[in-house]
Amino acid sequence: MPLDYDIRIKDLLSVPGKALKAKKIIVLSLSIIIAAILFNGFGHLAGLIGNPKGGDIISGQFFIPLKIISFNSIPAQIIFYLGSILGIFAIMIGFMAVAAIDFEESRGNRFFSLLDSMKFALGKIKQLFLSEAAIVIFIGFIVLLGIIVGLISRIPVLGPILYSVFFLFPNFVVALFAVLIAIVSVLSVMI
């Protein structure tokens with residue numbers, strides 16, 4: 001069955017009905033619950049590591065440990081941010097499962113189950129991680145190039161001249177491209 005890409009008014013009016021199907025709500029609810037468990041578990045673990053009297057933190061912030069984001073120790077910060085990243089990936093996996101349900105529905109397979117969509121999404125974890133890692137590595141490469149340009153500009157007489165020569169083309173264009181990549185990375189988390 002060929003896919004129909006024509007946009008009609010009746011198709012736009014049916015979007016909320018398609019979005020509020022039970023399968024999609026259950027898949028995204030499960031991913032949000034898993035993300036909350038990861039975020040809270042790692043947050044409380046970081047609170048226990050960062051604060052010797054961890055019982056005070058858990059009793060004061062039971063569900064979401066928002067007041068303990070400013071940790072004193074680096075291992076606690078690493079654990080907290082790792083839990084935050086894993087929570088974001090859990091939500092992204094849920095979005096991927098919903099996208100699989102939508103894709104199969106557009107192909108005419110209305111019997112694509114919840115478990116099949118979750119298996120599909122869990123099978124694509126490596127690709128999801130690598131795509132996000134590629135964006136982060138590319139932004140890191142652009143930052144490294146900025147550091148190199150900053151070091152070149154510190155050369156006593158020749159540095160400011162080289163910096164002004166290379167300012168417009170490589171530096172300005174690369175900075176605009178870095179902003180574009182940062183926006184793409186934020187949108188890729190949501191999409």
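How many salt bridges does a search of the whole structure find? The search turns up 3 salt bridges. Keep in mind that this is a predicted model.

Here they are, with the N to O distances.

| Salt bridge | N to O distance | Citation |
|---|---|---|
| D102 and K24 | 2.4 Å | |
| R107 and E104 | 3.1 Å | |
| E105 and R110 | 3.7 Å | |

Let's start with D102 and K24, whose closest N and O atoms are 2.4 Å apart. This pair ties together distant parts of the chain: D102 sits in helix 5 and K24 in helix 3 (residues 22-50), 78 residues apart. K24 counts as buried because its relative accessibility is 5%, under the 20% cut-off. D102, at 34% relative accessible area, is partly exposed.

Now for the other two bridges. E104 is buried, with 14% relative accessibility, while its partner R107 is partly exposed at 46%. E105 is buried too, at 15% relative accessibility, but R110 has a relative accessible area of 55% and is exposed.

What about the nonpolar side of things? The largest nonpolar core is made of 12 residues, including V27, F89, M92, I101 and L128. Helix 5 (residues 74-106) gives the largest share of this core, 8 residues. Apart from that core lies another one, of 5 residues, with A46, F71, I79 and F80 among them.

Which residues does F89 touch, leaving aside its neighbours within four places in sequence? F89 is in contact with L128, F129 and E132. Of the core members, A97 and F112 are two more to look for in the structure.

Methods:
Residues are numbered from 1 along each chain as its sequence is written. This is a predicted model: local features need pLDDT of at least 70, side-chain atom pairs count only at pLDDT 80 or more; totals for chains, interfaces and linings use all residues. Side-chain values use heavy atoms; hydrogens and water are left out. A nonpolar core is a set of buried Ala, Val, Leu, Ile, Met, Phe, Trp, Tyr and Cys residues joined through side-chain atoms within 4.5 Å. Buried means under 20% relative accessible area, exposed over 50%, partly exposed in between (1.4 Å probe, protein chains only). Helices (H or I, at least four residues) and strands (E, at least two) are DSSP runs, numbered from the N terminus. Contact means heavy atoms within 4.5 Å. A salt bridge is a side-chain nitrogen of Lys or Arg within 4 Å of a carboxyl oxygen of Asp or Glu.
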